[in-house]
Amino acid sequence: MAYSEKVIDHYQNPKNVGTLDKSKSNVGTGLVGAPECGDVMRLQIEVDNATGLITDAKFKTFGCGSAIASSSLATEWLKGKSVDEAMTIDNMTIVEELNLPPVKIHCSVLAEDAIKAAVNDYRKKNGLPELKFEESVVH
Amino acid sequence: MLNFPIYLDHNATTPCDPRVVDAMIPYFTNNFGNAASRNHPFGWQAEEAVDYAREQVAKLIGADPKEIIFTSGATEGDNLAIKGVFEMYASKGNHIITCNIEHKAVLDTCKHIEKEGGEVTYLKVKDNGLIDLAELEAAIKPTTILIAIMYANNEIGTVMPMKEISAIAKKHGVLVFTDAVQAVGKIPVNVNKDGIDLMAFTAHKMYGPKGVGALYVRRKNPRVKVTAQIDGGGHERGMRSGTLNVPGIVGFGKACEICINEMEEETARISKLRDKLQTELLKVEESYLNGDKEHKLPHVTNISFKYVEGEGLMMGFNKNIAVSSGSACTSASLEPSYVLKALGLGDDLAHSSLRFGLGRFTTEEQIDYTIEQVTNTVNKLREMSPLWEMYKEGIDMNSIEWAHH
C-alpha cells in the first residue's frame with residue numbers, strides 16, 4: 001500500500017510536535033488509543049481564555065504514518081479556531097484531506113477522538129460540563 | 001555505490017539467481033515438451049530435464065530422487081503432507097501434533113483437519129520460540145499419526161531441534177513432517193540425519209522461481225504414503241497430478257545445485273553481516289531481540305524497538321530499504337504477529353518489531369546504510385512518541401487507563 005503524498009509530507013515534516021504544560025488551566029490534553037492497539041495519540045490545545053481561541057496545539061503520536069499525519073494535520077487545523085469550532089473537525093474531513101485508504105480510517109477517528117478529549121479536558125479544568133459524544137466507529 | 005531500494009526481506013522471497021534463469025530459458029521455447037509425452041523427442045527432452053532436476057533437489061537434502069514430489073510450492077506441500085497423511089493413516093489414528101508458530105499454511109490445514117474429525121494439539125513455544133521436547137512427548141497418544149513442526153520459523157528465524165523431535169517420534173512410531181521452507185538452502189538439512197519423513201520446501205526462497213516446490217516423501221524405513229489431494233493423470237507417482245512445470249523445475253534444480261556448492265561460504269559471509277546488523281541495532285536504547293539467540297538461521301534477525309510502531313518505523317526508510325514488520329496496522333484485525341505474541345511478547349513490543357532477512361546479494365555497504373537509517377528513524381520517531389516521553393519521565397504505562405478501541 002502506497003501512502004499519499006500528503007501523508008508522506010506530514011510524516012517527514014510533522015507540524016507541531018511537542019508538549020504543552022498540562023498543569024496550566026488553559027491547556028487541554030487528550031490521550032487516546034492504546035499501546036496494544038499500535039496507536040497512541042496525545043493532542044494538546046492552549047486556549048486564550050479572553051477570546052476563547054486556540055492559540056497553540058501540539059501532538060505526540062505512537063503509530064503508523066497515517067496516525068502521525070492525522071494528528072499533525074489536526075494540530076494545524078486547530079490553531080486559530082475557537083474551542084467550539086474545534087469540535088466540528090470531523091474524521092472524514094481528515095480522511096479526504098490525506099487520502100487515507102479504508103484500512104487507515106481508524107487513524108482519523110483517533111485524531112477526532114483526541115480533539116474531543118482535549119476540548120473536554122479544557123472544559124473540565126475551567127468548570128464547564130464535559131460534552132458527551134456518541135461512540136465513534138469501532139475499530 | 002548503493003543502489004536503491006535495498007532488499008532485506010529474503011524470508012518473504014528471494015530474487016532468481018541469474019544462473020537459474022539461464023538454465024530455465026530453453027525450456028520455455030525450444031524445449032517446451034510435456035514431460036509426460038513418452039512417444040517423441042520433445043517429451044523425452046523434458047522428462048530428462050525433470051529427472052536431472054529431481055536429482056539436484058534430492059541431493060541438497062540427502063534424499064533419493066524417487067522421494068521428491070514436485071508441487072506448486074510449500075503451501076501445496078503442507079496441504080498434501082498433512083491432509084494426505086490424515087487420510088492415508090485414518091485407520092491408525094486421527095491425532096496430529098503441531099505448534100502455535102507454524103506458518104498459516106500448516107495452521108489452517110490443521111484447522112481443516114479438525115473440521116474433518118481430526119484432533120490437533122497445538123504446542124505452545126517457549127519464550128525463545130522453541131518447543132519443549134518433554135511437552136511434545138507428553139502430547140503423543142496411541143492415536144497420534146503425525147508430528148508437524150517447522151524446521152525454522154519465518155518471522156524470527158529460530159531453528160527447531162529436528163533431530164530430537166524425530167527421535168521422540170520414532171520412539172512412538174509417529175511420522176514427522178516439517179515445513180522447511182526457510183531452512184533448505186540456508187543451513188544443512190538432511191532428511192536421513194534429521195529423521196524426517198515428509199518435508200515441504202519451495203524454490204523461490206532459495207533463489208529459484210516462484211510457483212514450484214517439492215514435498216519429500218520417505219520411501220524406506222518407513223515407507224510413507226500420502227493420499228493425493230489433486231486428482232488427474234497420476235503424475236508424481238500418483239501423489240500429485242498435473243502437468244509438470246518443466247522450466248520451473250529446471251530452475252529449482254539449478255537453485256539447489258548452487259546451494260550445494262555455495263552454501264557454506266555464503267552462510268559464513270551472510271551471518272557475519274547479520275551479526276553486525278544485529279549487534280549495532282541492539283545498541284539502540286530499549287531494543288530487544290526476538291527469538292533464540294543461538295538456534296537461528298544465519299540470515300535473519302527480528303528486533304523490537306520499544307515505543308515506536310513498526311509500520312511507522314518502516315515508513316521512515318521503506319523507499320530505500322525493504323524489510324517487514326510484525327505490526328499489523330494495515331490488517332483489518334489490527335492484531336500484531338501471532339508468532340511474536342506466542343513468544344509472550346506484549347502487543348506493544350510486537351507492534352514495534354522489524355524483521356531483517358539478508359541474502360545472497362546483500363553487501364556490507366547496504367548493512368551499514370540500514371544500521372544508520374533504522375537508528376535515525378527510531379530516534380526521530382521517539383521524539384514524537386508520547387510513550388517514549390512517558391518512559392523517560394518514569395511514568396508506569398500500566399498505570400494508565402488506555403481507551404481500548
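These are my notebook entries on a predicted model with a chain A and a chain B.

**Entry 1: where the chains meet**

I started at the place where chain A and chain B touch. How many residues does each chain bring to the contact? I found 30 residues from chain B and 32 residues from chain A. The size of an interface is often given as the accessible area lost when the parts come together. Here chain B and chain A bury about 2800 Å² between them, and 66% of that area is on carbon and sulfur atoms.

Next I looked up the polar side of the meeting. There are 13 residue pairs in polar contact across the interface. On the side of chain B that touches chain A, I noted which elements give two or more residues: helix H8 (310-315), helix H10 (347-351), helix H11 (364-383) and helix H12 (386-392) of chain B. Sorted by class, this side of chain B has 14 nonpolar, nine polar and seven charged residues.

I also looked for charged pairs. Side chains of opposite charge can pair when their charged atoms come close. Between chain B and chain A I count three salt bridges. One of them joins Glu389(B) to Lys60(A), with N and O 2.9 Å apart.

**Entry 2: salt bridges within the chains**

Over all chains the count of salt bridges comes to 27, and I picked a few to follow.

In chain A, I went to Lys79(A), which pairs with Asp56(A); their closest N and O atoms are 3.8 Å apart. Why does this pair tie separate parts together? Lys79(A) lies in the loop between helix H2 (65-78) and helix H3 (83-86) of chain A, while Asp56(A) is in strand E3 (residues 53-62), so the bridge joins parts that are 23 residues apart in sequence. Lys79(A) is partly exposed, at 35% relative accessibility.

In chain B, I followed Lys276(B) to Asp368(B), where a salt bridge spans 2.7 Å from N to O. Lys276(B) sits in helix H7 (residues 246-281) and Asp368(B) in helix H11 of chain B, so this pair links distant parts of the chain, 92 residues apart. Lys276(B) is partly exposed at 28% relative accessibility, and Asp368(B) is partly exposed at 34%.

I then checked Asp347(B), which forms a salt bridge with Lys341(B) at 3.3 Å between the closest N and O atoms. Is Asp347(B) buried or exposed? The cut-off for buried is under 20% relative accessible area. Asp347(B) has 17%, so Asp347(B) is buried. Its partner Lys341(B) is partly exposed, with 31%.

My last item here was a network of salt bridges that links Asp17(B), Arg19(B), Glu262(B), Glu266(B) and Arg360(B).

**Entry 3: the nonpolar cores**

I turned to the inside. The largest nonpolar core has 68 residues. Which residues have the most contacts inside this core? They are Ile61(B), Met160(B), Met199(B) and Phe252(B). Apart from this core lies another one of 61 residues, among them Tyr11(A), Ile94(A), Val119(A) and Val323(B).

I looked more closely at Phe252(B). Setting aside residues up to four places away in sequence, Phe252(B) touches a list of residues including Val57(B), Phe70(B), Phe201(B), Thr202(B), Met206(B) and Pro209(B).

**Entry 4: Thr202(B), a neighbour of Phe252(B)**

From that list I chose Thr202(B), which is in strand E7 (residues 198-202) of chain B. Thr202(B) is buried, at 4% relative accessibility. What lies 3.2 Å from a polar atom of the Thr202(B) side chain? I found the backbone oxygen of Val212(B) there. Leaving aside neighbours within four places in sequence, Thr202(B) is in contact with Gly73(B), Ala74(B), Val181(B), Val212(B), Gly213(B) and Phe252(B).

**Entry 5: two more buried residues**

Gly195(B) is in the loop between strand E6 (175-179) and E7 of chain B. Gly195(B) is buried, with a relative accessible area of 11%. Beyond four places in sequence, Gly195(B) touches Ser166(B), Val176(B) and Asn190(B). I also noted Arg218(B), which is 23 residues from Gly195(B) in sequence and 9.9 Å away in space, C-alpha to C-alpha.

Back in chain A, I ended with Asn120(A), found in helix H5 (residues 105-125). At 9% relative accessibility, Asn120(A) is buried. Not counting residues up to four places away in sequence, Asn120(A) touches Glu130(A), Leu131(A) and Phe133(A).

Methods
Residues numbered from 1 in each chain as written. Chains lettered and ligands numbered in written order. Predicted model: local features only at pLDDT ≥ 70, side-chain atom pairs only at ≥ 80, totals over all residues. Heavy atoms only, no water. Contact = heavy atoms within 4.5 Å. Buried area = accessible area lost by both parts, 1.4 Å probe. Salt bridge = Lys/Arg side-chain N within 4 Å of Asp/Glu carboxyl O. Polar contact = N/O pair within 3.5 Å; in protein donor to acceptor, adjacent residues only side chain to side chain. Helix = DSSP H or I, 4+ residues; strand = E, 2+ residues; numbered from the N terminus. Nonpolar A, V, L, I, M, F, W, Y, C, P; charged D, E, K, R; others polar. Core = buried A, V, L, I, M, F, W, Y, C linked by side-chain atoms within 4.5 Å. Buried < 20%, exposed > 50% of the residue type's maximum accessible area, 1.4 Å probe, protein only.
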